[in-house]
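Student: I've just opened this one and could use a hand finding my way around. Can we go through it together?

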Amino acid sequence: MNPAAFRDLLRSVLLSVLVLAFAAPARADTPWKLVAAYPHDPAAFTEGLFYLDGVLYESTGLEGQSEIRKVALKTGEILQRRVIDPPYFGEGIVNWGERIVSLTWRHRLGFVWKLSDFTPLSDFRYEGEGWGLTQDGHSLIMSDGSAQLRFLDPDTLAEQRRITVTWNGRAVDRLNELEWVRGEVWANIWYDTHIARIDPATGAVIDWIDVAPLLKQAGVSDSEAVANGIAYDAKSDRVFVTGKNWPRLFEIKVGK
């Protein structure tokens, strides 16, 4: 190969490398630090979690073991509970006004409960599976195990719109438990230790939070004991995370 042709080839290779570098940036995890650890019921197969007025609200799954609970943060004590009768497999929950809205996995049926005492109020239907729930102050946001998030009218529970969650143009599926944090949707990924920080307008993943060290600290080894459960205390900017059958719930401080 003559020198001119070699220079042209080298220039072409370098240009290709630069294009790939800008088109597919490396994964950059959001930094965080551990603040505290609290007791968590190791029998709780956590599917939904939120923080409100100083306490946690948690839903658990598995047929015959599904419950909605009000839990003391510092002690893990169950202050109030409502059993979800078989054959329903409980999934995500969210508060809206004086109500709690909850999902079930494969029965295409959700429930509405009274926030104060978990009295059943009504039920509603949806297509597909029910996984996670959160809310942004205007809509309820639902995951179904795919790469899509559904936005629901909080009063009628009818679907308003959907977005597809992507990272570098590729769909991110297995979206699980959800939380609204600082104007973003945060989502656990089933069988992954990463939490996706999602732009609710576009569905693009802004960055990732890797909670793998907490899985180790929780001391669980069962493959089903995955990270699942995010709650946010907006007043104090506190983030709480746990997992299915984890004996600990962790408070972490997450960078912006």
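Student: How much space lies in the second largest pocket?

Tutor: Keep in mind that this is a predicted model. Rolling a probe the size of a water molecule over the atoms shows where empty space is left. For the second largest pocket, that space comes to about 150 Å³.

Student: Which class has the most residues in the lining of the second largest pocket, nonpolar, polar or charged?

Tutor: Its lining includes Phe45, Leu62 and Trp105, along with Glu47 and Lys244. Sorted by class, the lining has 1 polar residue, 4 charged and 6 nonpolar. So, with Phe, Leu and Trp counted in the winning class, the answer is nonpolar.

Student: What volume does the largest pocket have?

Tutor: This pocket is lined by 19 residues, and among the closest to its centre are Tyr51 and Glu179. By class, its lining splits into 11 nonpolar, 4 polar and 4 charged residues. Its volume is about 370 Å³.

Student: Which strand gives the largest share of the lining of the largest pocket?

Tutor: Strands S2, S6, S10, S16 and S20 each supply at least two residues of that lining. The largest share is 4 residues, and the strand behind it, spanning 46-52, is S2.

Student: How many strands are there in the protein chain?

Tutor: The chain has 256 residues, and 48% of them are buried. Its secondary structure includes 2 helices, and the strand count is 22.

Technical notes:
Residues numbered from 1 in each chain as written. Predicted model: local features only at pLDDT ≥ 70, side-chain atom pairs only at ≥ 80, totals over all residues. Heavy atoms only, no water. 1 Å grid on protein atoms, 1.4 Å probe; cavity = no way out; pocket = protein on both sides within 12 Å on 5 of 7 lines; lining within 4 Å. Points joined across faces, edges and corners; volume = space filled by probe spheres on them. Buried < 20%, exposed > 50% of the residue type's maximum accessible area, 1.4 Å probe, protein only.
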